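Here is a short tour of one protein chain, written to be read beside its sequence and coordinates. Take a look at the display first, and then we can walk through some of the helices together.

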Amino acid sequence: MRFLLLPLLVLTGCTMAPPYERPHVSMPDEWPVLPSSNAVNAEWWSAFGDVVLDAYIDEALQSNEDLRTAIARVDAFYARVGIVKSELYPQIEAPAGAERLRQSKTVEEFIRGQPNLYDIYSFGLKGTLELDIWGKVRSATKEALAQLAGEVEVRRFVVLNLVQSVASTYITLRALDKQHVIAKETVEARLEAMRIAKIRFDLGLTSFMQVDQARSELEAAQVRENDIAIQIAFGEDQLNFLIGRTHGNIIRGKLIDNFRMPPKVPSDIPSHLLTQRPDIKAAEQNLIAANANIGVARAEFFPNFSLTGAAGFVTSDLHNLVKQGSGSWQYGVDILQAVFTGGRLTSNLRLSKAQKREKLHIYISTVQKACSQVHDALADHTLTLKNLATLRDRVATTRSYFRLATLRYNEGQTDYLNYLDAERQLFNTELEYAQAQGEAYTTLVAIYAALGGGWVIEADGIAEFSNYR
């Protein structure tokens, strides 16, 4: 028996999974004009200089329910690894029993000296060890570990999206707040304009058409103010949800005008920085798991070897259970070979190979999508900054135009329509500029999210620590 087991033990540990090699995906050599690598890896949102935003992100990392769900899923995958890995170790049980038996009287004559009614008591240890000769358990363990690593990256991707959503929602909310102020001031100004129009009509200086025009512009401003107020309410509800609340007062920090724009440096950053993204890491871990599963499927074609053994006590008298002579033991090797399965093993291997191809294409698609998102985020941010500069100049121009139109209207040198046109242009331009201010920051947030970086791991650590305290 020893000579039989020795080569089996030597063979234990081999795996039949194909060697894993990371697929090559063509990516740009570098990303032009990106934030510095230190900024990408740090808590970039603190660069905006708003402690209220910092507090909301911290609260979201501690209380967001989607993130808590992802943390619980990682715990489940930790447990799965332990379950699979346990098959590498002996499975030991301690059976015990007490039975009373009555033999059939028709066979009693063949069992000389044995009573017709008797008891059996037993106690001992029983062990089984599966010899992982073909690496089935080891491949399954590697698969479970890869799935665990992938699930950790899924959790980090939830963190990435959560931080991006909180920052973007808060910034958009502050831009809407500025638009709301502009709309309210415009409503007040148009109320005054309508009052003056009525006075001029009462004095016979103008027709009632100017009163209707003033009222129409006032109502348009009121509608715009109400629309912005609705968007603010929706934004507050969204932010409450993200930070793990059902409701609550959303306090404000800095005005959008006082936000700091993190410095942009034209330092080229290698494209391998993109591989830090959690979704890419998760896709690769899923590919590794699928590759390991092929080893599991291949091992099913070969015999399964198990060492079995048992030792204990058996007696018909409970008082003699642990006395000399009641001992009992056995050991051996069980061999199980599948002979006919109706094509199950072949189909299972084919399935595992198809799943690996599926995960391969998902990985490549994820990398390609990430590259596209980086390009889009860079283009969006660059063009938004240009648009912001243009709108800044346009606000100054329309203010000058409105000031001159007001003076000429008050002096009777131009008609009311020119005055209304100048006022309407200023109102719309100021609203567009406030919106562009928010977009300048949210598009920068999108760049940080598209690149991933060390900040995701740090934020994930904060979330994990907060939810395990």
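## Helix H5 and its aspartate

Let's begin inside helix H5, which is where Asp-177 sits. Please keep in mind throughout that this is a predicted model. Is Asp-177 buried or exposed? Asp-177 has a relative accessible area of 14%, and because buried means under 20%, this residue counts as buried. The side chain of Asp-177 also has a partner, since a polar contact of 2.5 Å joins it to the side chain of Arg-174.

Now step back to view the helix as a whole. H5 is made of 67 residues, and the distance from its first C-alpha to its last is 96 Å. That value is close to the 99 Å expected at 1.5 Å a residue. Just after H5 you will find Gly-204, which takes a positive phi of about 80°.

## How H5 meets H6

Helix H5 covers residues 136-202 and helix H6 covers residues 208-242, and their axes come within 8 Å, crossing at roughly 160°. An angle over 145 degrees counts as roughly antiparallel, so H5 is roughly antiparallel to H6. The crossing of these two helices, H5 and H6, is left-handed. Which classes of residue make up the contact of H5 with H6? Sorted by class, there are 23 nonpolar, 10 polar and nine charged residues.

One residue of H6 deserves a visit of its own: Gln-210 is placed in this helix. Gln-210 has 14% relative accessibility and therefore counts as buried. Its side chain makes a polar contact, at 3.4 Å, with the side chain of Tyr-409.

## The pair H7 and H8

Another pair of helices is H7 (residues 278-299) and H8 (residues 344-410), whose axes come within 8 Å and cross at roughly 165°. H7 and H8 are therefore roughly antiparallel to each other. The handedness of the H7 and H8 crossing is left-handed.

Within H8, have a look at Asn-387. With a relative accessible area of 36%, Asn-387 is partly exposed. Asn-387 and Gln-437 are 50 residues apart along the chain, and their C-alpha atoms are separated by 9.6 Å.

## Helix H3, end to end

Helix H3 takes in 13 residues, from 51 to 63 (residues 51-63). At 1.5 Å a residue, H3 should span 18 Å, and its end C-alpha atoms are indeed 18 Å apart, so the expectation and the model agree.

What caps the N-terminal end of H3? Asp-50 does this, with a side-chain oxygen that lies 2.9 Å from the backbone nitrogen of Val-52. Val-52 is itself one of the buried residues of H3, and the others are Leu-53, Asp-54, Tyr-56, Ile-57, Ala-60, Leu-61 and Ser-63.

## A loop residue and its distant partner

Our last stop is Ala-17, found in the loop between helix H1 (2-11) and strand E1 (30-34). Ala-17 counts as partly exposed because its relative accessibility is 22%. How many residues separate Ala-17 from Ala-292 in sequence? They are 275 residues apart in sequence, while in space the two lie 5.3 Å apart, C-alpha to C-alpha.

Conventions: Residues numbered from 1 in each chain as written. Predicted model: local features only at pLDDT ≥ 70, side-chain atom pairs only at ≥ 80, totals over all residues. Heavy atoms only, no water. Helix = DSSP H or I, 4+ residues; strand = E, 2+ residues; numbered from the N terminus. Expected span 1.5 Å × (residues − 1). Buried < 20%, exposed > 50% of the residue type's maximum accessible area, 1.4 Å probe, protein only. Polar contact = N/O pair within 3.5 Å; in protein donor to acceptor, adjacent residues only side chain to side chain. Axes fitted to C-alpha atoms, helices over the stretch in contact; angles between N-to-C directions. Parallel < 35°, antiparallel > 145°, perpendicular 65-115°, else oblique. Left-handed = near helix turned anticlockwise from the far one by under 90°. Nonpolar A, V, L, I, M, F, W, Y, C, P; charged D, E, K, R; others polar.
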